[in-house]
Amino acid sequence: MVYWFKMRRWQIWYDDQCEICQACLVWLRLLDPEERVVEAIPLSNCVGGVGPRPPGASDEELLRQLHARAPDGSVVVGAAALAALARQFRQVAWIGWPAQRPVLRAVADQLYRW
């Protein structure tokens, strides 16, 4: 199907050397096989100042946490990024909703850091 307008989608920067990141990317590609919702950008394409990257993110920050830029240009990181991405897909939106609530957000952040 050809679209006459440019679709706005999420962008994520993931560590293509991290097994957990790669597993999450497999999950994401099952949900979005044609990459209509999310564009995945491997860090090997942008670490060292080359390629697209979220505004203000250093190489260290990109390697430490998942960074996601919403279609409106806002950037979320870590567990908040995972929750926001989950909410984009009907099949797993139920996972993202609780992780964005104040009490559970702290728990989600701790689990993400672990």
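Is cysteine 18 buried, exposed or partly exposed, and what is its relative accessible area? In this predicted model, cysteine 18 is partly exposed, at a relative accessible area of 22%. Buried would require a value under 20%, so a figure of 22% puts cysteine 18 in the partly exposed class.

Let's stay with the cysteines for a moment. Searching the whole structure turns up zero disulfides. Cysteine 18 is in none, and its nearest cysteine sulfur belongs to cysteine 21, 3.3 Å away. A disulfide needs the two sulfur atoms within 2.5 Å, so the 3.3 Å between cysteine 18 and cysteine 21 doesn't qualify. Cysteine 24 is also in no disulfide; for this residue the nearest cysteine sulfur is again that of cysteine 21, at 6.6 Å. Cysteine 24 counts as partly exposed too, with 34% relative accessibility.

As for where cysteine 18 sits, look in the loop between E1 and H1. Its C-alpha atom is 9.3 Å from that of leucine 63, a residue 45 places away along the chain.

Now for the sheet. Four strands make an open sheet in the order E2-E1-E3-E4, and the pairing is mixed. E2 and E4 (75-77) are the edge strands, each pairing on one side only. From one strand to the next, the twist averages 20°.

Strand E1 (residues 10-14) has neighbours on both sides, E2 and E3. Strands of a sheet pair through backbone hydrogen bonds, in either the parallel or the antiparallel sense. With E2 (residues 38-42), E1 pairs in parallel over five bridges, whereas the pairing with E3 (residues 67-69) is antiparallel and has three bridges. Here are some residues of E1 with the partners they face:

| Residue in E1 | Partner | Partner strand |
|---|---|---|
| Tryptophan 10 | Valine 38 | E2 |
| Isoleucine 12 | Alanine 68 | E3 |
| Tryptophan 13 | Histidine 67 | E3 |

How many of the five residues of E1 are buried? The count is five of five. In a regular strand, side chains alternate between the two faces of the sheet. In E1, Trp10, Ile12 and Tyr14 lie on one side, with Gln11 and Trp13 on the other, and both faces are covered.

Which element carries the chain from E1 to E2? That would be helix H1 (residues 19-31), and the resulting β-α-β crossover is right-handed. H1 also packs on the sheet, where it touches E1 and E2, and its direction makes about 155° with that of E1.

Helix H3 (residues 78-86) is another element to look at beside the sheet. H3 lies across E1, E2, E3 and E4, and it runs at about 115° to E4. The helix is mostly covered, with seven of its nine residues buried. Those buried residues are Gly78, Ala79, Ala81, Ala83, Ala84, Leu85 and Ala86.

Putting the pieces side by side, E1 is buried on both faces and bridged to E2 and to E3. H1 touches E1 and E2, while H3 lies across E1, E2, E3 and E4.

Terms used. Residues numbered from 1 in each chain as written. Predicted model: local features only at pLDDT ≥ 70, side-chain atom pairs only at ≥ 80, totals over all residues. Heavy atoms only, no water. Buried < 20%, exposed > 50% of the residue type's maximum accessible area, 1.4 Å probe, protein only. Helix = DSSP H or I, 4+ residues; strand = E, 2+ residues; numbered from the N terminus. Pairing = 2+ DSSP bridges. Right-handed = clockwise from strand over helix to strand, strands pointing away. Axes fitted to C-alpha atoms, helices over the stretch in contact; angles between N-to-C directions. Contact = heavy atoms within 4.5 Å.
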